[in-house]
Amino acid sequence: MTTDFTATRDAFVLPEGMIYLDGNSLGPLPKAAAARVAQTVTAEWGQMLITGWNKAGWMDQPARVGDRIARLIGAEPGTVVMGDTLSIKVYQALASALAMNPARRVILSDSGNFPSDMYMAEGLCRTLGADYELRVVEPEAVLDAIDETIAVTLITEIDYRTGRRHDMAAITSRAHQKGALTIWDLAHSAGALPVHLAKVGADFAVGCTYKYLNSGPGGPAFIYVAPRHAETARPALSGWLGHESPFAFDLAYRPGRGIERMRVGTPPVLQLAALEAALDVWDNVDLADLRAASLSLTDQFIAGVEAACPDLALATPRDHDRRGSQVSFRHPQGYAIMQAMIARGVIGDFRAPDILRFGFTPLFIGAADVAKAVDILAEVMANRLWDRPEYHARAKVT
Ligand SMILES: *Cc1c(COP(=O)(O)O)cnc(C)c1O
């Protein structure tokens, strides 16, 4: 192991007394990001004003940052660009893929996918016409459901609720055998475990950066297009910054070169500054070390909770190959239990109907944190500490 996880932990602002097991939903603040955003605001926006687009390199930032994400997801240089939100990028990738496979009309996804991916696919089908269809199967049935009718698969590698992991290589290979394209949603993969987009031959990928990549609330998404498709993929959301020459102000749209065409409008410069600083932490991280540490933490948590809390049912696969970087347990009182945990400084979250979700992020979580979290959960369960009225009141964000 070459990664120094003590150093990475020191790179984050972590409130005293809090065990933060929700880096899979919103990563903590990297110390360098606070300073970088402040500098971008005062020295760039404040002093350069509009000249910052050239002088401070704001215009090239989406591709520059994209290249740094590329390393973390096994993508070739020049294949990733930043911007918008993940939902928008799902739409962008889907519309392009469908247009590239025009004889077919079916998008294949699974019932473990995140609702926004489904909603975007449904909306796109409605726009394209009644013969387009979103076909949803059980996660275990995805491989067999890929047949000659499928235009594109829209699969999230790691299930946001259970942490179940799909076999990206097998699904991509089968899709290609059957003439389908693949879109991989890496929302819970990028920064969570090694991803090998180029090696598996993925066609498109998308993901967000505010989860494991720590870009802060509302941080921009990324999109990947395989080099073999870069000059043929045609964006449906064809904004001016995806144009070949935005400052020619042509009235007719011509797609930009390669991945640049997947840009839409003005990039979120302040959020990109936060992300750029957040990515510095990753420069000294070996993803194989990260994965080994993550599996060790999730194993420890599963063993500890199962030994101490017989009423909680494990929802996450035990098999390492089938597990992401989170652990989920089911309980009918999951919401109240999580509120009781949060009140005691252990931050996870709840996903309806009954999932207690805990994310394990070795950059700033260690074995001692896991041991403490297990003890607190055991105490909450053994003494029914969750059964107080204030823990049952549902907030807007769970
Ligand atoms: C977190 C997540 C999203 C969120 O999309 P936004 O547009 O960034 O809000 C979408 N899809 C998946 C699979 C996610 O995990």
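1. Throughout this note, a residue is called buried when its relative accessible area is under 20%, exposed when that area is over 50%, and partly exposed in between, using a 1.4 Å probe and the protein chains only. Helices (DSSP runs of H or I, at least four residues) and strands (DSSP runs of E, at least two) are numbered from the N terminus. The model is a predicted one, in which local features need pLDDT of at least 70 and side-chain atom pairs count only at pLDDT 80 or more, while totals for chains, interfaces and linings use all residues. Residues are numbered from 1 along each chain as its sequence is written, and side-chain values use heavy atoms, with hydrogens and water left out.

2. The mixed sheet. An open sheet is formed by 7 strands in the order 2-8-7-6-5-3-4, with mixed pairing, where two strands are taken to pair if DSSP finds at least two bridges between them. Strand 2 and strand 4 (133-137) are the edge strands, each pairing on one side only, and the twist from one strand to the next averages 20°. As background, strands of a sheet pair through backbone hydrogen bonds, either parallel or antiparallel.

3. Pairing around strand 7. Strand 7 pairs with strand 6 in the parallel sense over 3 bridges, whereas 4 bridges join strand 7 to strand 8, and those two run antiparallel. F204 is a useful residue to follow here: F204 is the bridge partner of I183 in the pairing with strand 6, and the bridge partner of F204 in strand 8 is V225. F204 and V206 point one way from strand 7 while A205 and G207 point the other way, and all of them are buried.

4. The strand 4 edge and the helices across the sheet. Strand 3 (residues 106-110) and strand 4 pair in the parallel sense over 5 bridges, with L134 in strand 4 as the bridge partner of I107. Helix 6 (residues 115-128) lies across strands 3, 4, 5 and 6 and runs at about 150° to strand 4, the axes being lines fitted to C-alpha atoms (for helices over the stretch in contact) and the angles running from 0 to 180 degrees between N-to-C directions. Helix 5 (residues 86-100) lies across strand 3, strand 5 (150-156), strand 6 (181-185), strand 7 and strand 8, running at about 170° to strand 7.

5. The ligand site. The residues surrounding the ligand, each with a heavy atom within 4 Å of it, are T85, L86, S87, F114, D117, T156, D185, A187, H188, Y210 and K211. Polar contacts are pairs of N or O atoms within 3.5 Å; within protein, one must be able to donate a hydrogen and the other to accept it, and residues adjacent in sequence count only if both atoms are side-chain atoms. A polar side-chain atom of Y210 lies 2.6 Å from a ligand oxygen atom, and a polar side-chain atom of K211 lies 2.6 Å from an oxygen atom of the ligand. For L86 the partner is a polar backbone atom, 3.4 Å from an oxygen atom of the ligand.

6. N214 and helix 10. N214 sits in the loop between strand 7 (204-207) and strand 8 (222-225) and counts as buried because its relative accessibility is 3%. A polar side-chain atom of N214 lies 3.3 Å from the backbone oxygen of Y212. Neighbours within four places in sequence aside, N214 is in contact (heavy atoms within 4.5 Å) with F12, G27, P28, P30, T209, A278, W282 and L363. A278 is one of the buried residues of helix 10, a helix in which 9 of 12 residues are buried. Its cover includes helix 2 (31-48), helix 3 (52-55), helix 4 (61-72) and strand 2 (80-82).

7. The antiparallel sheet. A further open sheet has 4 strands in the order 9-10-13-12, paired antiparallel. Strand 9 (313-314) and strand 12 (349-351) are at the edges with a single partner strand each, so one side of each has no neighbour in the sheet. Strand 9 is joined to strand 10 (residues 326-330) by 2 bridges, and R330 in strand 10 is the bridge partner of A313. Helix 12 (residues 334-343) lies across strand 12 and strand 13 (355-359), at about 40° to strand 13.
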